[in-house]
Structure formats: structure tokens, C-alpha cells
Amino acid sequence: MRRIGIWIALGGLLLGTAACGGGSGGRSGGTAAKESLSVGFVAEPANLDFTSTEGAAIPQALLVNVYEGLVKLDQDGKIQPLLAEKWDVSPDRRTYTFTLRKNVTFTSGAPFTADDVVFSLGRVRTDWKLKIKTQLDVIDKVDKKDDTTAVVTLKRPSNGFLYALATRLGAMFSRTGVADLANKPVGTGPYQLGVWKRGDSIRLDANPKYWGTKPAVSAVTLKYFKDATAMNNALLTGGIDVISSVQAPESLQQFADPNRFTTVEGTTNGEVVLSMNNGRPPFDDKKARQAVRYAIDHKALLDTAWAGRGKLIGSMVPPTDPWYEDRTGDYPYDPAKAKELLGGKTYTVKMRIPNLPYAVASAQVVKSQLAQVGITADIEPLEFPARWLDVVFKQGDYDMSIINHVEPRDMGIFADKSYYFRYDNPEFGKLLASADEGSEQQQSDDLKQAAKLLSDDAAADWLFLFPNLIVARKGVTGLPQNAIAESFDFTGLAKQ
Amino acid sequence: MSGRRLNLGLVTGGALVGVVVAAALVSFVWTPHDPTLVDAAGKLREPGGGYLLGADKFGRDTLSQLMVGARTTLYVGVVAVGIAAVVGTPLGVAAGMAPRSRGWLSELIMRVNDLVFAFPALLLAVMLGAVYGAGTLTAMIAIGVATVPAFARVARAATMQVMVTDYVLAARAAGRRGPAIAMRHVLPNIGSLLIVQASVSFAIAILAEAALSFLGFGTRPPTPSWGRMLQESQELLFSTPRLALWPGLAIALAVLGFNLLGDGLRDHLDPKLRSARGQEEPC
């Protein structure tokens, strides 16, 4: 009995992926197939309340699609009007006057007015529980001038303010619609929540009362997969129409046939960081960290671990930010130099990584390359998110780790010395502060300098920029080229 | 023993196991290439040249990985079966030898066994991995613990048969104590059954380790393991199927080998066929 049991278990493992794909295939082919689309994702939200629950999956599904802000980010990272038709900035750059769009209603039927702006931005300070909410601490007060005019006064000029409004922090909530955010989102967006099958999918239905261009498809189903191969198979068998993010880049060859599939390749905000614990030996020593940066052949790493998809950046700034500079030349691959910096010493370090495909693949390359210069890295994959967040992110009990930092414009995390990098350089904090207050030119100059400082200090190593790899069934149009906002924008999706 | 023909299963099983053991032993002193060395230039190298079975997407030599993987496999099997035998056998013997007046002891041991038996090895390993961190050690312990009941049951049933034989009655009449009877009479007589059980459990342990490594709860990267080789080859299944073929074949043959060995040993050591030797003399 026992033997049979395990045979079946293993057989199930090997065949399970195919079975999953087939199973979901049957379901989506129902009525109105022409008007609905299903998109495969990797992480399901724990709930639908991004005001109190961390995690990228919630804004990915809801922002722009269900909730809208006053402004939004376009594909090039520029800020565009959304619920605000236009805005004026006072000469001292401390007062923003937003002119709101008329005839906008929430899906509950309530009209959207300046009162909701006052309410939503005020709620960030009082009710939100996310770490990033401090980005809006710069707001002094929010006033309603009339129904379609809202005035935001800042404590000091801030370049980051308007950008923060384009993230989930700027989402507009109805005063009567926040009772059950975890289950019933109420927004002004082109879609509203249809059905949420926990552990499986979320269906968003088109909002018939939407103020703008109505979406071309009547429903979008977000289908969640734990396993990259299962998601691939679902697309091959017609279970889904789009893979939102390919997690097994070597498998792209399956989708090479242009008569059946379309592949979109663009950039993201995701810097895959090889983090080093600056707060304890051996990586409290700048020379040891620099040695690591010299010891890694980044091109070889990207080619083997992620099939050459992605981009080498060498800093915490993605190419879509205006102050991006190619810093890959700072530490060219030079094992001899690395050995010299280590001064003949050898180290054994704990490399605690999340059990995610890109991290496990990259870690094996890093380990092999570090071994060439005398650093032995013991790889320990931890379950993500819970265990990795607890051990590495919260307790900082690690020497090295590998994680994709996906938040937009997130260089500021290095200014927080309690952050798990344990990087502490007051100079860096000063540069960031002056960048936020200064003119646009000043901001760009300061941030370039800050990125250079991080790179020179070898606060971490930047393995590569995570690619935005989308594969879709032929005929699906309107896929976002770059994933640089927090949301996966469904508004332009169409099916021919 | 002499004069009896070895059966085909035993020979085949022994040969397959022999190959695995030989590959593992050789890997300690020599592999064609460093099995964990990443070589971007040799990515997905075709078989040939110095690379008999080609290389994976990291440019690592498949043959070297298979050899070191055999080591991992055997290591897990030996430790897991060792744990199961060392814990399970005494429990089974104790349960089997318990006199009727202490029937509750036997019942207690066997019911706890049933409890562990109901718990799938993979689930236990995943749970241990989540709490103590995944790795070869936790996998071995989990597989070992989950195999304990198999040994306890076999040992108990066999012990009960031995306990009603005349020579045990004689030993008791002579005033021998329980532990002495267990060592002198019970263990030697149930040994053959335990060996058969061990080889079958070994095969199960190999499969369990491969499944765990496949799921990411077994051997840590980059230490080669057949299960993880399978998992890493998944995304290349359509373009480079050989990467899945070799570790899959290795697992299948090793499991087949141990199962054949177990079956062959059972036939070979079956007490009913041991007419030539007769039963142990009482002392």
C-alpha cells in the first residue's frame, strides 16, 4: 500500500502540471468567450485591501482597474491626468490645485467630488497601515475649494509627492465605500469586482457607468498559479489568454510560433538585488562587499539563470527613471581584483534566499562564481513570503540574499539603516532629502550622485533588471510593454 | 545456502544497485567535471567531447551531476532506513514479545504506529522543512520517521511467530529473560525479513527524496540531486528533453534495482525454503 501511495504521489507531481492546465481549459471556454479574457498571475492577494495589507498582488489587480487616483503613470513612467483633469502648482511648489473631472461616479452610485479627495488623502495618515504611507507625510492639509477643485498644501516642496499620488497611496475611495475594503472594493475605475474564487481567480467585470472610454472586453479573469509550468501549460491548452509574467524564461520557446502567440518584452522597476548584510562581518567591510561585486560575471549570470532576458544595470535605478545611468562599468568582472581585495582571506557566508525561481537560479551562479575567489556561500532557500520576510527582512539574520525589489523609485530604502541591508551612510540620506526638495534638475543630479554613492560603497550588488515578459494568445492587444507602475493595466486590453 | 540457484530478480537488482553504489563511490574521488561549476559558455552543451551526457542551462556536466546525485540518493536512503530500522525494530520486537498480561503495551505501540502510518511522508517532510528549514537532513529524518511503522509491523508479526516456537518456550523455561531471548533468538530469526523490508524501504526513500527535491523541500541547491535535476529541467522539457530523461531514468532504475533486490532477497531468504538449514537449536 505504502509503496503504491508514494508512486502515485510522484506520478501526480510529474503529471499534475499538465492536468492543471487541462482542467482550467474547460472552464473558461464558456459563453461570451469573445468578450472575456483571462490572465495568469503568480501571487494571489491575501485580501483586497491594499490600505492595510502589504504585498504587490493587490494593487497589481485593483489599481487603475478598479480604483483610480488623481493621476496615473504611463508606459514611459510619465505622470498623466486621470481623475484630475489638470493641476496647477504654486510658484513656491507647496500648493497643488487639482481640477477634478466632472460626472464621475463610484460603482456604488455615489458621485466623486472634492470631498472624496479630502477623505481619501486624509485616510492615508489615519487608517493606512503600510510602511510606504510615510511618502505622503509631506502633506500639510487637503482642502475642498468647490465640488470639483481640491487644494493640497505641502509642508515643503517635494518632487516625490505627485509621483506618490500615482501609486496606490493616491487611490480615491468613496466616503461610503470603505466599510469592507478586504472584500468589497468600491472605486471609479473601468472595472468592478465580479466574483472572487479564493485560491483560484478574481473576475473583474466592466463598469457600465464608467466615465471614460469603456473597456473593449466585458470581463477580465485574473487566474492565479503557484507554478510556472502550470501557467505555461494553461496558455498552451487555452485555459488562459495571457501570461502576465513569465517565470521560466527558458520555456519561451514553446510560444515561439507567431501564428499562435505574441510575446511582449519590456522593462520593469524590479532590480534583482544581491543584498549583503552591511551590519555584520564579513560584509560590514566595504572591501569584502566590493570583492563580491568584482567576483560576479553579471552577463554570464543573466545568460544562464534567466535565459539572457533582462538588462544589466549595476545600480538601484531602472532605465525608465529620468536619472538612470548605466553603472555596470563600476565593477567589471575581475576575479583577480576580488581576490586582492579579500587579501587572501576566505569566508563562509549564509546565503538565505526566497524559494522563488529567479532567486534559486541566480544563487547557484553566484555561489559558483564566489567560490572562485574564496567565498563559500551556503545556499538556504526559505519559504516565500512568510519565512523569508521573518528571518531575513525582519530579523536581518543573513549574510547574503537575492530578491527582486519591485517597488517604483525605491532607492530610498537604503536611507533607512534599520532596513535589512543595514546600510548606514548619512551622506546618502542627505542626497535623497535634497533631491526631494530641490528643482527638477537638482533632483536628477542628486539622485544620480546617490546611485553612484551606493555603487561605490558596494551597499549591495545589482544582478539584473527583471524583464517584463508577457506571452499572449495571438489576437490579444493592448498589453503593457513595461511593468513600471504598481498595477497591471487592463484598460486597453482587447481581443480580435 | 550453497547449491541454491540465484534468481534473475536478485541478480538484476543487485547489478542495478551495484551500479548506483559504484557511481556514488567513484564520485568521491573523481567526476568528469566539477558538478556545480557554472560555465556560461557551455550552456546546454550537446552530448559529446568531454561531456558524455551534455550540460544543463548552467553549463554543468550532466554525468557529473548524476554521479554526485547518486551519492545524495544513497546517503538519504541509508540514513532514512537506518532511522526506521533502529527505531522501528525494537518497538516491533517489544510489542511482539509483550506477554498477554501486558497486552496494553503492545496495543499502545501499535496504535501509535498506526497514527504515524496515517501521516504521509511527504507531508511530514514539507512540515519539518517549513519549521526547521528545508534540507537533506530534515528530508532524511522525515522519511525515516515515516518509515518506522513499516519496520515495527514487520518486526512485530515476525516476533510473534518466533515467540511460540519450542526453543523460545525452552529458553523461557530455562529462566532466560526477555532481552536475552530477543537478542539470541528473535533478532536472528527475523533478520532476513528486516533485510527485505530495508531494501524495499530504500526504494521508497529514494522516491520520496526525489519528490521532495522536486518540490524544493529536499536537498539544497546547488548540491546535485536527481529530484532537483528533474525540477530544473522542467522549463526545458520541450527544447532539451534529455535533461529530464537522464535523472528520470536514474531514479527509475535505482528504485527498480532496490525493489528487485528486495523481492529477490525475500525469495532467497524465505524461512519456508530453508529446508537445508533447519531451525535454530535451543541453548
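How are α4(B) and α7(B) oriented to each other? In this predicted model, the two helices pack at an angle of about 45°, which falls outside the ranges for roughly parallel (under 35 degrees) and roughly perpendicular (65 to 115), so α4(B) and α7(B) are oblique to each other. The points below cover this pair, a second helix pair in chain B, and the contact of chain A with chain B.

**Helices α4(B) and α7(B)**
- Helix α4 of chain B spans residues 121–132 and helix α7 of chain B residues 178–215, and their axes lie 10 Å apart.
- The crossing of α4(B) and α7(B) is right-handed.
- Ala121(B), Leu122(B) and Ala125(B) of α4(B) meet Ala208(B), Ala211(B) and Leu212(B) of α7(B).
- The residues of this contact are six nonpolar, with no polar and no charged ones.

**Helices α1(B) and α9(B)**
- Helix α1 (residues 8–29) and helix α9 (residues 242–269) of chain B pack at about 140°, with axes 7 Å apart.
- α1(B) and α9(B) are therefore oblique to each other, and their crossing is left-handed.
- Contact residues include Gly9(B), Gly13(B) and Val17(B) of α1(B), and Gly257(B), Leu261(B) and Asp263(B) of α9(B).
- By class, the contact of α1(B) with α9(B) has 11 nonpolar, seven polar and one charged residues.

**Chain A against chain B**
- Chain A and chain B each give 28 residues to the contact.
- On the chain A side, at least two residues each come from α1 (2–28), α5 (228–236), α7 (298–305), α9 (357–371) and β14 (375–382).
- α9(A) supplies the largest share of that side, seven residues.
- The side of chain A that touches chain B has 12 nonpolar, nine polar and seven charged residues.

Technical notes:
Residues numbered from 1 in each chain as written. Chains lettered and ligands numbered in written order. Predicted model: local features only at pLDDT ≥ 70, side-chain atom pairs only at ≥ 80, totals over all residues. Axes fitted to C-alpha atoms, helices over the stretch in contact; angles between N-to-C directions. Helix = DSSP H or I, 4+ residues; strand = E, 2+ residues; numbered from the N terminus. Parallel < 35°, antiparallel > 145°, perpendicular 65-115°, else oblique. Left-handed = near helix turned anticlockwise from the far one by under 90°. Contact = placed C-beta atoms within 7 Å. Nonpolar A, V, L, I, M, F, W, Y, C, P; charged D, E, K, R; others polar.
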